[in-house]
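Biologist: Could you take me carefully through one part of this structure, the place where the metal sits, and then lead me outward from there to the strands, the helix and the loops? I am new to this, so please explain each step of the reasoning as you go.

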Amino acid sequence: MKTRSIEKVTKPGMPHFVGDGFRVHNFIPGTSTMQRMDPFIMMDYNSKYNFPPTDKPKGVGVHPHRGFETVTIAYKGKVEHADSSGGGGVIGEGDVQWMTAASGVLHKEFHETEWSKTGGEFQMVQLWVNLPAKDKMSPPKYQAISNAEMKKVPLPNGDGEIEIIAGDYNGNKGPASTFSPVNMFNVRLKKGAKTKLSFPSTYTTALLMVEGDAKINGETEAPQDHFVMFGNDGESFTMEASTDTIILVLSGEPLNEPIAAHGPFVMNTKEELIEAFQDFNMGKFGYLED
Ligand code: MN
């Protein structure tokens, strides 16, 4: 198996606030274009940030989505979600919320009420996974994936473990159901440990350094909070932990379909985008209380 080259290592850019609850660095499409990152069309990363205690939970109020899935991975802190299709719940440290907006939902995302009262360190990833054209107008769906449900594969010699959110690692499958082939793993490596992963060369493959630093392919330093984008010239890559690390691994088959995106809607054509705005304005996304 041939080694994949590293296309780019991106440092976290200037953070901005989404609502008043998410202080994020944008890596997708910041690092590259949506087309290049296909099927991962957006990634906002809330690197560790301390929120003071408050009785009024911070977050983002009611807003729409159509045409893709939003995936929220909680590393520190707790978020509460509710959407107009009846989906909702709380996810905490280690949990994942996988919301299929598809034909359209209204939702809101806030820090959990009790967590807000004490506040503390908050660290989270929000990723948008594009849907194939044939599934963009399918019914909305909600998967709350607790950390306990995730398949965890120990590495030899106590080197750490691979936690599978979605996809397949050596025949071990993650709990999330996806519309196209998507692998999403948390690789937890002890200091000094090394491991190797392989995905088809055509898959869009990237890493987010959630905790600690590592050396990729034996030569490139990937410090905490950086994003590593691989080329499509090989299958495998290695990660060697310089400190105890958590690395979010993404690898997905590109949909290779046209992308028409504006704000909270990601469709295939401009006409479908206009329709999305019209449907939203006509109240076709349902109702959700503020
Ligand atoms: Mn949203």
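Modeller: His 63 is buried, and His 107 is buried as well. Please keep in mind throughout that this is a predicted model. Both histidines belong to the site of the manganese ion, which is coordinated by His 63 (NE2), His 65 (NE2), His 107 (NE2) and Glu 109 (OE), at 2.1 to 2.6 Å. If you follow these donor residues along the sequence, their spacing reads H-x1-H-x41-H-x1-E. His 63 lies in strand β5 (residues 59-65) while His 107 lies in strand β10 (residues 105-111), so the pair ties together parts that are 44 residues apart in sequence.

Between those two parts of the sequence you will find a hairpin. Strand β7 (residues 79-83) and strand β8 (residues 88-91) pair in the antiparallel sense, over 4 bridges, and His 81 has Gly 89 of β8 standing opposite. With 4 residues between them, β7 and β8 form a hairpin, and Gly 86 in its turn has a positive phi of about 100°.

Let us go on to the strands later in the sequence, beginning with an open sheet. Its 4 strands stand in the order β18-β23-β20-β21, with antiparallel pairing. The edge strands, each of which pairs on one side only, are β18 (194-198) and β21 (220-222). On average, and with direction ignored, neighbouring strands of this sheet are turned by 30° against each other. To look at one pairing in detail, β18 is joined to strand β23 (residues 236-241) in the antiparallel sense over 5 bridges, and there Leu 197 has Phe 237 in β23 as its bridge partner. When you follow such a strand on the screen, it helps to remember that in a regular strand the side chains alternate between the two faces of the sheet.

Another strand worth your attention is β19 (residues 204-211), in which 7 of the 8 residues are buried, so that the strand is largely enclosed by the rest of the structure. Buried here means under 20% relative accessible area, a cut-off that will be needed again below. β19 is joined by 7 bridges to strand β24 (residues 245-252), and the two run antiparallel; in this pairing Met 209 stands opposite Ile 247 in β24. β19 also runs antiparallel to strand β22 (residues 227-230), to which 3 bridges join it, and in β22 the bridge partner of Leu 207 is Val 228.

The helix to examine is α3 (residues 270-281), and its length can be checked by simple reasoning: at 1.5 Å a residue, its 12 residues should span 16 Å, and because its end C-alpha atoms are 17 Å apart, the two values agree. The buried residues of α3 are Leu 273, Ala 276 and Asp 279. Seen down the axis of the helix, these buried residues fall within an arc of 125°, so they line one face of α3. They pack against β25 (260-262) and β26 (265-267), whereas the face turned away from the buried side carries the exposed residues Lys 270, Glu 271 and Asn 281. Just after α3 comes Gly 283, which takes a positive phi of about 80°.

Finally, several loops have backbone details that you can find for yourself. The peptide bond from Ile 28 to Pro 29 is cis, with omega near 5°, and Pro 29 lies in the loop between β3 (22-28) and α1 (34-37). A cis peptide bond also runs from Asp 38 to Pro 39, with omega near 10°, and Pro 39 has its place in the loop between α1 and β4 (40-51).

Two other loop residues have a positive phi without being glycine. For Asn 170 phi is near 50°, and this residue lies in the loop between β15 (168-169) and β16 (172-173). For Asp 225 phi is near 70°, and this residue lies in the loop between β21 and β22. Their surroundings can be read from their accessibility: Asn 170 counts as exposed because its relative accessibility is 63%, whereas Asp 225 has a relative accessible area of 16% and is therefore buried.

Notes:
Residues are numbered from 1 along each chain as its sequence is written. Side-chain values use heavy atoms; hydrogens and water are left out. Two strands pair if DSSP finds at least two bridges between them. Axes are lines fitted to C-alpha atoms, for helices over the stretch in contact, and angles run from 0 to 180 degrees between N-to-C directions. The expected span of a helix is 1.5 Å times one less than its number of residues. Buried means under 20% relative accessible area, exposed over 50%, partly exposed in between (1.4 Å probe, protein chains only). The arc is that of the directions from the helix axis to the C-beta atoms. Contact means heavy atoms within 4.5 Å. Donors are N, O and S atoms within 2.8 Å of the metal (3.2 Å for Na, K and Ca); water is not among the atoms, so sites may look incomplete.
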